[in-house]
Amino acid sequence: MKPKIDTNAMELKDRVVKINRVAKVVKGGRRFKFSSLVVVGDGQGTVGFGLGKANEVPASIAKGVEEAKKNMIKIPMRGTTITHAIIGRFGAARVMMKPASHGTGVIAGGAVRAVMDVAGVHDVLTKIIGTNNHHNVLYATFEGFKTMLYEEEVLRLRGKLPGTTASAKEKEAAKA
């Protein structure tokens, strides 16, 4: 399990992705509540999202922000972009994310743009495939981030870092 991120010392930005009015039908009519999907980040690669529900919009947003602070993750980044291409999957949603060169900007739509903005990713290419349901797209984006590798891990797997173990073929060649 990854260590919990301390959000008290961070300067966090929050962004509302979606506000939904939901109704419960009771004997006297309908009772309305609000559901808010919120993304929170520090602009330096740490981001989280939460769902808040309350009788009023500001209260639901505040609850969403508190939930998002509890679910923060660190995104592997190289400069202003992500380390490698990845496809996040959740339900019928697929979110393809690819690193982009400096100056490209955030090519993203819907919930993914909100995540990239608060996370501090400035150059990335994304595509939502399948459903564009905000909840599923957010979950798919975060599933992609969770499976991402840091730049050092990728280099180590490719055998590019000094001091890493050599492959079997390299060992055989060294013996001969």
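Val38 stands opposite Gly50 in strand S3. On the strand S1 side, Val38 is the bridge partner of Val16, and Val38 belongs to S2. These two pairings are a convenient way into this predicted model, whose chain holds 5 helices and 10 strands.

The strands around Val38 can be taken in order. S1 covers residues 13-26 and S2 covers residues 29-41; the two pair in the antiparallel sense over 13 bridges. The connection from S1 to S2 is a hairpin of 2 residues. S2 is also joined to S3, residues 46-54, by 8 bridges, again antiparallel. Together with S4 these strands form an open sheet of 4 strands in the order S1-S2-S3-S4, with antiparallel pairing. S1 and S4 (73-74) each have a single partner strand, so one side of each has no neighbour in the sheet. In general, strands of a sheet pair through backbone hydrogen bonds, either parallel or antiparallel.

Two helices lie across this sheet. Helix H2, residues 110-119, crosses S1, S2 and S3 and runs at about 140 degrees to S1. Helix H3, residues 134-147, lies across S1, S2, S3 and S4, at about 150 degrees to S3.

A second open sheet also has 4 strands, but its order is S7-S8-S10-S9 and its pairing is mixed. S7 and S9 (106-107) are the edge strands here, each pairing on one side only. S7 and S8 are antiparallel and are joined by 5 bridges; within this pair, Ile87 stands opposite Met96 of S8. H2 packs on this sheet too, touching S8, S9 and S10 (124-130), and its direction makes about 150 degrees with that of S10. H2 is thus in contact with strands of the S7-S8-S10-S9 sheet and also lies across S1, S2 and S3.

How many of the 10 residues of H2 are buried? The count is 7, and the helix is mostly covered. The buried residues are Ala111, Val112, Ala114, Val115, Met116, Val118 and Ala119. In an α-helix there are 3.6 residues a turn, so residues three or four places apart point the same way. After H2 comes Gly120, with a positive phi near 95 degrees.

The largest nonpolar core contains 29 residues, and Val39, Val47, Met116, Leu138 and Phe145 have the most contacts inside it. At least two residues of this core come from each of S2, S3, S8 (93-99), H2 and H3. H2 gives the largest share, 7 residues. Leu138 shows how the pieces meet: beyond its neighbours within four places in sequence, Leu138 contacts Val17, Leu37, Val39, Phe49, Ala111 and Val115. Another core, of 6 residues, lies apart from the largest one and includes Val38, Ile61, Val65 and Ala68. The text began at Val38, which pairs within the first sheet and is counted in this other core, whereas Val39 is among the residues with the most contacts in the largest core. In a regular strand the side chains alternate between the two faces of the sheet.

Over the whole chain, buried residues make up 35% of the 176 residues. Of the contacts between residues at least 6 apart in sequence, 56% join residues at least 24 apart. The exposed area is about 10,900 Å², and carbon and sulfur atoms supply 52% of it.

Confidence varies along the model. The average pLDDT is 88, and 88% of the residues score at least 70. Strand S7 (residues 86-90) has the highest confidence, at 96, and helix H5 (residues 168-175) has the lowest, at a mean of 64.

Key. Residues numbered from 1 in each chain as written. Predicted model: local features only at pLDDT ≥ 70, side-chain atom pairs only at ≥ 80, totals over all residues. Heavy atoms only, no water. Pairing = 2+ DSSP bridges. Contact = heavy atoms within 4.5 Å. Axes fitted to C-alpha atoms, helices over the stretch in contact; angles between N-to-C directions. Buried < 20%, exposed > 50% of the residue type's maximum accessible area, 1.4 Å probe, protein only. Areas by Shrake-Rupley, 256 points an atom, 1.4 Å probe, with all protein chains shown as cover. pLDDT = per-residue confidence, 0-100. Core = buried A, V, L, I, M, F, W, Y, C linked by side-chain atoms within 4.5 Å.
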